[in-house]
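Student: I am new to this structure. Could you take me through the pockets and the helix packing, and give the reasons for the terms used?

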Amino acid sequence: MEKLRAGAQKLGYRLTPEQLEQFSIYYQELVDWNQRLNLTRIIDYEEVQIKHFLDSLTVTLALKSSTASNHPRLLDVGTGAGFPGIPLKILLPHISLVLLEATAKKTTFLHHLKEKLGLHGIEIVVDRAEEVAHLEQYRERFDIVLSRGVASLPTLVELTLPFCTIDGQFIAQKKGGIEQEISQATKAISTLGGNSGKVEVIKIELEEFTNERYLAIIGKVSPTPAQYPRRPGLPAKRPIVRDGD
Ligand code: SAH
């Protein structure tokens, strides 16, 4: 896990031997389960360290300093094989984490992994975000909502902002074309209670990554109206992009 260790150091974190061992187990389980489940295209040892593990840890660049000391509640929407949620949990064991994933087979892997890594304070929920966001115990309950590789921003904010507390934030991991994506999402962000006028963008400046990567940080400033998110599939099929949608 030398590539990961060196990359994490650039983010300001010195991974302990125990954490490096956890990442090593994560790698082995990912590759093993990937023979039966379609979890990821990336299975090369060095590539996983950079494109899955280190990439997940870049989210720390957006976490408020308060996250380091308090016990924030985090939600990872569409976590797949656990990215970015599980690497962050390995790095910051004090966070309380909910992993949300619609595909039951993938959550079988997550349960197994949680056990193998000896992680506590992780809840795994199998369902669609459109459904879970209407349940009282999840709606507007998270200080920080994360998501990587799930949908374009106008759709994604409908799947994520309903989960944020007021003053909480949604952090999206994105590749190039971020400014255009944000401008397309303006209407959706304000409709869902986000601060559309002040989306912060952080560019990831690590030589480990060959393509451009960004974090878009959207603050929640008012409650999400009760009708959102709309029924499963609609946020993707008919994103909120115009007045009247
Ligand atoms: N975040 C992971 C997985 C990305 S693939 C990573 O970056 O590697 C997108 C995942 O989101 C898939 O596993 C898919 O099942 C899940 N997903 C897509 N739409 C969803 C929804 N509406 N609710 C919950 N999960 C969803």
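**Pockets and helix packing**

Tutor: H3 gives the largest share of the lining of the largest pocket, 3 residues. Keep in mind that this is a predicted model.

Student: Which elements each supply at least two residues of that lining?

Tutor: Helix H3 (45–57), helix H7 (129–132), helix H8 (153–160) and helix H10 (234–237) do, together with strand E2 (96–101), strand E5 (164–174) and strand E7 (214–219).

Student: What is the volume of the largest pocket, and which lining residues are closest to its centre?

Tutor: The volume is about 900 Å³. The lining has 40 residues, and Gly78, Phe83, Arg148, Gly149 and Val150 are the closest to the centre.

Student: How do the residues of this lining divide by class?

Tutor: The lining of the largest pocket has 16 nonpolar, 12 polar and 12 charged residues.

Student: How do you know that a residue belongs to the lining of a pocket?

Tutor: A lining residue has an atom within 4 Å of a point of the pocket. For the second largest pocket, with about 160 Å³ of space, the residues that line it are Lys64, Asp167, Gly168, Gln169, Asn195, Lys198, Glu200, Ile217, Ile218, Gly219 and Val221. E5 and E7 are the elements that give two or more residues to this lining.

Student: What makes the class count of the second largest pocket come out as it does?

Tutor: The count is 3 nonpolar, 4 polar and 4 charged residues. Gly counts as polar, so Gly168 and Gly219 of this lining fall in the polar class.

Student: Now the helices. Why is H2 called roughly antiparallel to H6?

Tutor: Helix H2 (residues 17–34) and helix H6 (residues 104–117) pack at an angle of about 150 degrees, and their axes are 10 Å apart. Angles over 145 degrees count as roughly antiparallel, so H2 is roughly antiparallel to H6. The crossing of H2 and H6 is right-handed.

Student: Which residues make the contact between H2 and H6?

Tutor: On H2 they are Gln22, Ile25, Tyr26, Glu29, Leu30 and Trp33, and on H6 they are Thr108, Phe109, His112, Leu113, Lys116 and Leu117. By class, this contact has 7 nonpolar, 3 polar and 2 charged residues.

Student: Why is H2 called oblique to H3?

Tutor: H2 and H3 pack at about 120 degrees, with axes 11 Å apart. Roughly perpendicular runs from 65 to 115 degrees and roughly antiparallel begins over 145. The angle of about 120 degrees falls in neither range, so H2 is oblique to H3. The crossing of H2 and H3 is also right-handed.

Student: What makes up the contact between H2 and H3?

Tutor: Phe23, Tyr26, Tyr27 and Leu30 of H2 meet Tyr45, Val48, His52, Phe53 and Leu57 of H3. This contact of H2 with H3 has 8 nonpolar residues, 1 polar residue and no charged residues.

Student: What makes H8 oblique to H9?

Tutor: The axes of H8 and helix H9 (residues 178–191) cross at roughly 40 degrees and come within 8 Å. Roughly parallel needs an angle under 35 degrees, and roughly perpendicular starts at 65. Roughly 40 degrees meets neither condition, so H8 is oblique to H9. H8 passes H9 in a right-handed crossing.

Student: Which residues of H8 and H9 meet?

Tutor: Leu153, Pro154 and Val157 in H8 meet Glu181, Ile182, Gln184, Ala185, Ala188 and Ile189 in H9.

Technical notes:
Residues are numbered from 1 along each chain as its sequence is written. This is a predicted model: local features need pLDDT of at least 70, side-chain atom pairs count only at pLDDT 80 or more; totals for chains, interfaces and linings use all residues. Side-chain values use heavy atoms; hydrogens and water are left out. Axes are lines fitted to C-alpha atoms, for helices over the stretch in contact, and angles run from 0 to 180 degrees between N-to-C directions. Helices (H or I, at least four residues) and strands (E, at least two) are DSSP runs, numbered from the N terminus. A crossing is left-handed if the near helix is turned anticlockwise from the far one by less than a right angle, and right-handed if clockwise. Contact means heavy atoms within 4.5 Å. On a 1 Å grid over the protein atoms alone, a cavity is a set of points where a 1.4 Å probe fits but cannot get out, and a pocket is an open set with protein on both sides within 12 Å along at least five of seven lines; lining residues have an atom within 4 Å of a point. Grid points are joined across faces, edges and corners, and a volume is the space filled by probe spheres set on the points.
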